[in-house]
Amino acid sequence: MTRSIAHQTVDELGGPGSVLVRQRDDHLERDRLLHELDGTTGVMQERVLRKIDRLVFSHAFAEESVLWPVLRRALPDGEALTLRVEEEHQEVNELVTTLETTPHGDPRRSELLTRLVAVLREDVRDEEDVLFPRLQERVDAAELRRLGRQWELVRRVSPTRPHPTVSRRPPGNALSALPLSVLDRARDLVDAGVQHGPSAVAPAGKAVSHGLAVLAGLVEKLPPARKGDRPPTSR
Ligand SMILES: [Fe+2]
Ligand SMILES: [Fe+2]
């Protein structure tokens, strides 16, 4: 019988640095932010949502390009298992994209938020209770630590914003990760400048941020970025 990684000790999970320990820590931080989101409105809600974006998109991008291919090779039912979480990731990409263009005060917003929180929680349960325990049965502690280092490295150069038209599988997501990450992270810096800097530079900052968003939109739609996917996770 498989045991959820939620209730295992660090040693059982392969020691500090194991991909399972790193994943669980990150999922706890996600949970903390979801609680922080609860009951927020307006600017505060936007701020928490951006924190959630920065945490979950790079996290998921690195899973899709580094971890799920390993599961597909290691498990006979890896294809179906990984497709399920890829669909959850895809839905998160779409929900956040829709939320970005749904103004505060629009009644659809609370519905979108409720669904977003639910999918983010489902994703964690599927990974901690099903996918990772199955991976744990197939690979040893040294391999779990190697995967941990790899996932961490890729996560640091992965996009921090939603990209719903990018493939959720290699090679598309791997090829587009770096250019999208550069554009997303540049935009994060510009937006932080707009938020905290003098108001006189805000219009220029907003224009730059918009330009970066347009560029990311173009990269996302290039044919190589869409390669590797299979229905129904592609749009
Ligand atoms: Fe995860
Ligand atoms: Fe995930």
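These legends walk through close-up views of one predicted protein model.

Residues are numbered from 1 along each chain as its sequence is written, chains are lettered from A and ligands numbered from 1 in the order in which they are written. Because the model is predicted, local features need pLDDT of at least 70 and side-chain atom pairs count only at pLDDT 80 or more, while totals for chains, interfaces and linings use all residues.

**View 1. The whole chain is built from seven helices and zero strands.** Helices (H or I, at least four residues) and strands (E, at least two) are DSSP runs, numbered from the N terminus. The radius of gyration, taken over C-alpha atoms, is 18 Å, close to the 18 Å from the globule rule (2.2 Å times the number of residues to the power 0.38), so the chain is as compact as a globular protein of 235 residues. Its C-alpha atoms fill a box of roughly 60 × 40 × 30 Å along the principal axes.

**View 2. Here is the largest nonpolar core, with 41 residues.** Such a core is a set of buried Ala, Val, Leu, Ile, Met, Phe, Trp, Tyr and Cys residues joined through C-beta atoms within 7 Å. Buried means that 20 or more other C-beta atoms, placed from the backbone, lie within 10 Å of a residue's own. Leu 20, Leu 67 and Trp 151 have the most contacts inside this core. Among the helices giving two or more residues to the core are H1 (19-37) and H2 (42-74), and H2 gives the most, with 10.

**View 3. Let us zoom in on Trp 151 and its contacts.** Leaving aside neighbours within four places in sequence, Trp 151 is in contact (C-beta atoms, placed from the backbone, within 7 Å) with Val 19, Arg 22, Ala 62, Val 66 and Leu 67.

**View 4. A cis peptide bond joins Pro 170 to Pro 171.** Its omega is near 5°. Most peptide bonds are trans. Pro 171 is found in the loop between H5 (141-156) and H6 (172-196).

**View 5. Helix H6 has a kink of about 35° at Leu 178.** This bend is the angle between axes fitted to the seven residues ending there and the seven starting there. The kink lies shortly before the proline Pro 179. The buried residues of H6, including Leu 175, Leu 180 and Asp 184, pack against H2 and H7.

**View 6. Helix H3 has buried residues that include Leu 81, Glu 86 and His 89.** What covers the buried residues of H3 includes H2 and H4.

Note on methods: A residue is buried if 20 or more other C-beta atoms lie within 10 Å of its own, exposed if 12 or fewer, and partly exposed in between; C-beta atoms are placed from the backbone. Two residues are in contact if their C-beta atoms, placed from the backbone, lie within 7 Å.
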